[in-house]
Amino acid sequence: MKKSEKLKFEEEWRSAFEDTEMNPSEAAWNNLDLQLSHQENGYMRRRVILYQRLIVASLVTALLLGGGSYWYWQSRSSLDSSVSELSELKTKNAESSDQTTSPYLPSEPLSTTLSTGSGKVVIPDEAGHSKTNTATVDGKYQVTQKFHSQGFHLLSETTHDLRQSNEAFLNNRKNWAAKGSNGYLTQWTEEELKLSNKPYQEVSSPTRLPRSAFVKVETKKSRKESNDWIASIGGSAGGYSSGSSSISSTPAKTAFDQLGAVNADPVSQRESGGNSYSVGMTFGKKVAPRWMLMSGFNYMNQSIGYNSNVAVVDAGNQPKAFLADLRAESANVSTTIPYTLNSVNEFFSVPLQAGYLIINRKFGFQLNAGVAADFFVKNTLADNSGQFSSYSEGPGSSSSYRSLNWAGLFGTEFNYKVNKHYRVSVVPGLRYSFTSVLKQSTGSTLNPFVWDIGFRFGYIF
Amino acid sequence: MSKLYIESMLSEKELIDGCARGNRAMQKALYERYSRKMMVICLRYAKSTQEAEDILQEGFIKVFAAIKTFREESKLSTWITRIMINTALNSQRQKLYLFPMVDVTDAALQEPENISLSSFHLSELMSMIQMLPDGCRIVFNLFAIEGYNHKEIGDLLQISEGTSKSQYSRAKSLLKCKLNEKMDYEKVRETKI
């Protein structure tokens with residue numbers, strides 16, 4: 001057969017079917033319509049479930065943020081009250097030991113220094129909500145005061161040498177105004193001047209950085225994939241609250257003159273807020289379509305400030321920072337001028353958590369809850385001024401700290417699956433110690449409550 | 001104005017946009033416009049009307065799901081036709097897996113003389129195609145009517161080019177035999193009358 005004849009055969013068939021039509025049965029559209037309806041219902045159902053999960057996620061996040069804010073403001077107010085109490089304590093101590101020469105008080109009255117200097121007061125912003133008044137004396141000292149627009153005293157801070165002499169500063173300021181050396185001073189009302197009736201203190205708001213509850217979890221998993229295991233590393237940081245500020249008092253063992261000993265009860269006042277951070281590794285295993293079981297190990301560091309008037313002298317006659325909370329059977333404890341110190345507790349933690357995958361897609365969201373065994377590693381007390389040496393204490397029968405503490409964990413996890421094997425997560429969480437970190441024999445309790453935000457990088461097997 | 005008239009007045013763009021929004025009336029209008037033409041294609045690949053309607057239904061589901069991605073680089077009818085052919089091929093793949101196509105060397109089959117199809121009704125031609133073995137029917141449709149070459153068919157069906165050629169050759173021979181038989185039958189009947 002010739003080629004043209006062959007092509008003619010195909011051409012015949014092609015033209016025979018060209019622009020031809022045949023009616024499908026009525027049932028064809030009905031079936032198609034039914035199938036489309038099923039698809040739409042399924043799609044709507046999936047959307048409703050997704051929205052429900054998003055609502056739950058939003059509520060949990062709002063609760064976490066609300067809880068964190070509550071603790072933050074509570075710790076702020078506790079800090080303010082603790083500063084007042086410390087000031088009163090300091091004044092009382094100074095009065096009771098007026099014959100004692102303290103190395104922390106200025107060698108000459110401040111009023112003398114100020115009266116011989118040239119004063120300058122600046123009010124940079126009268127229209128705003130606050131005013132800042134700055135007085136410069138001999139170019140050496142600077143006193144700054146901030147007032148709320150309604151006259152409420154917010155913060156006063158001075159250089160170290162002027163810290164305990166606000167009354168002297170106010171007197172001098174009145175003198176400057178009377179001399180008419182600076183017209184701006186006349187704008188300060190008597191009411192504003194009376195507001196500053198507290199000793200000037202350098203107040204630094206507690207820095208809040210996170211901690212961690214190491215939980216690594218799975219987010220999105222393909223139904224057919226076998227990525228049941230995940231390993232992740234990461235860290236977290238956040239705020240740390242001791243529950244409530246406490247004042248502990250125990251009888252002093254011995255008074256030492258070289259510590260500037262004063263005749264006062266031993267007192268250690270804990271601030272209500274501190275910092276916490278942790279780093280570690282977590283392993284997770286998917287045990288059910290939406291359930292994860294997680295464990296791992298973390299190093300955890302919790303620090304909190306104290307105001308203490310207690311110090312201890314070791315065998316080498318070296319004075320060290322100390323707390324009235326702690327047991328020191330064999331050491332010599334003495335009261336001294338109040339000072340601030342930082343207490344750092346270090347733990348090795350092993351968490352065990354269950355996680356429920358609320359959203360298990362490219363972006364995932366899950367709820368985690370569980371317990372952690374916190375093994376106490378070390379406590380370090382460091383004097384912020386450097387006057388006293390650091391004091392360290394590990395676990396053991398003679399230690400003031402429990403070797404093992406149990407904590408409850410609760411948190412959420414927002415994660416993003418980068419690809420088949422890697423994912424990143426943001427993990428806001430809460431941790432509360434059921435058992436007191438301090439032993440019962442110390443007479444004090446310390447149940448840290450930590451809220452933090454962690455970041456994890458995970459590998460999916 | 002009747003509903004059918006309104007539907008026939010809709011532009012292709014309006015149909016595409018309506019279907020992309022999931023508007024059921026627009027989906028039905030699109031179906032009404034193209035289902036008859038697509039039914040012919042489905043019948044050519046299927047063994048029965050029921051099987052063809054299943055392919056048609058599955059094909060339109062895919063069309064409605066993917067119409068958001070239609071970029072108007074080709075005519076809508078061409079795009080839908082391609083989806084229908086792919087759906088039909090998918091539905092036939094299981095059969096091809098069970099009865100794989102092999103090279104056919106049938107010496108008994110002679111190349112018959114050229115025959116005109118103009119005297120045949122569409123339904124007769126359709127039933128002839130449907131009576132072909134599965135492999136032959138698919139290759140015949142792809143080569144003779146859709147216009148694919150044997151290499152493309154080989155790639156589509158994961159068979160060799162030679163297998164495609166031999167399957168087509170067999171289909172062609174079988175069809176010509178059927179056509180000849182039909183013509184002979186008609187001649188005898190006319191003679192008797």
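## Where chain B meets chain A

Between chain B and chain A, 10 residue pairs are in polar contact, counting pairs with both residues at pLDDT 80 or more. Keep in mind that this is a predicted model. On the chain B side, the elements that each give two or more residues are helix 3 (24–45), helix 4 (49–66), helix 6 (122–130), helix 7 and helix 9 (161–192). Helix 3 of chain B gives the most, with 11 residues. Sorted by type, the residues on this side of chain B come to 22 nonpolar, eight polar and nine charged.

How many residues does each chain bring to the contact? Chain B brings 39 residues and chain A brings 27 residues. Together the two chains bury about 3200 Å², with 66% of that on carbon and sulfur atoms.

### Salt bridges

Searching the whole structure turns up 14 salt bridges over all chains, and four salt bridges are counted between chain B and chain A. Here are some of the pairs:

| Pair | N to O distance |
|---|---|
| D33(A) and R24(B) | 2.4 Å |
| E11(A) and R14(A) | 3.9 Å |
| E58(B) and K62(B) | 3.8 Å |

Let's start with the two pairs that sit inside a helix. E11(A) and R14(A) are both in helix 1 (residues 3–17) of chain A, three residues apart, or about one turn of the helix. E11(A) is partly exposed, at 45% relative accessibility, and R14(A) is partly exposed too, at 31%.

Over in helix 4 of chain B, E58(B) and K62(B) are four residues apart, again about one turn of the helix. Both count as partly exposed: E58(B) has 39% relative accessibility and K62(B) has 30%. Why does such spacing suit a pair? An α-helix has 3.6 residues a turn, so residues three or four places apart point the same way.

Now for the pair that crosses between chains. D33(A) belongs to helix 2 (residues 26–96) of chain A and R24(B) to helix 3 of chain B, so this salt bridge joins two chains. D33(A) is partly exposed at 24% relative accessibility, and R24(B) is partly exposed at 22%. Salt bridges with shared partners also link D33(A), E40(A) and R24(B) into one network.

### A covered helix, and chain A overall

Is helix 7 (residues 134–146) of chain B mostly covered or mostly open? Mostly covered: 12 of its 13 residues are buried, including D134(B), R137(B) and F140(B). After helix 7 comes G147(B), with a positive phi near 90°.

As for chain A, it has five helices and 15 strands, and 46% of its 461 residues count as buried.

How values were computed: Residues are numbered from 1 along each chain as its sequence is written. Chains are lettered from A and ligands numbered from 1 in the order in which they are written. This is a predicted model: local features need pLDDT of at least 70, side-chain atom pairs count only at pLDDT 80 or more; totals for chains, interfaces and linings use all residues. Side-chain values use heavy atoms; hydrogens and water are left out. Buried means under 20% relative accessible area, exposed over 50%, partly exposed in between (1.4 Å probe, protein chains only). Contact means heavy atoms within 4.5 Å. Buried area is the accessible area (1.4 Å probe) that two parts lose on being put together, summed over both. A salt bridge is a side-chain nitrogen of Lys or Arg within 4 Å of a carboxyl oxygen of Asp or Glu. A polar contact is a pair of N or O atoms within 3.5 Å; within protein, one must be able to donate a hydrogen and the other to accept it, and residues adjacent in sequence count only if both atoms are side-chain atoms. Ala, Val, Leu, Ile, Met, Phe, Trp, Tyr, Cys and Pro count as nonpolar, Asp, Glu, Lys and Arg as charged, and the others, Gly among them, as polar.
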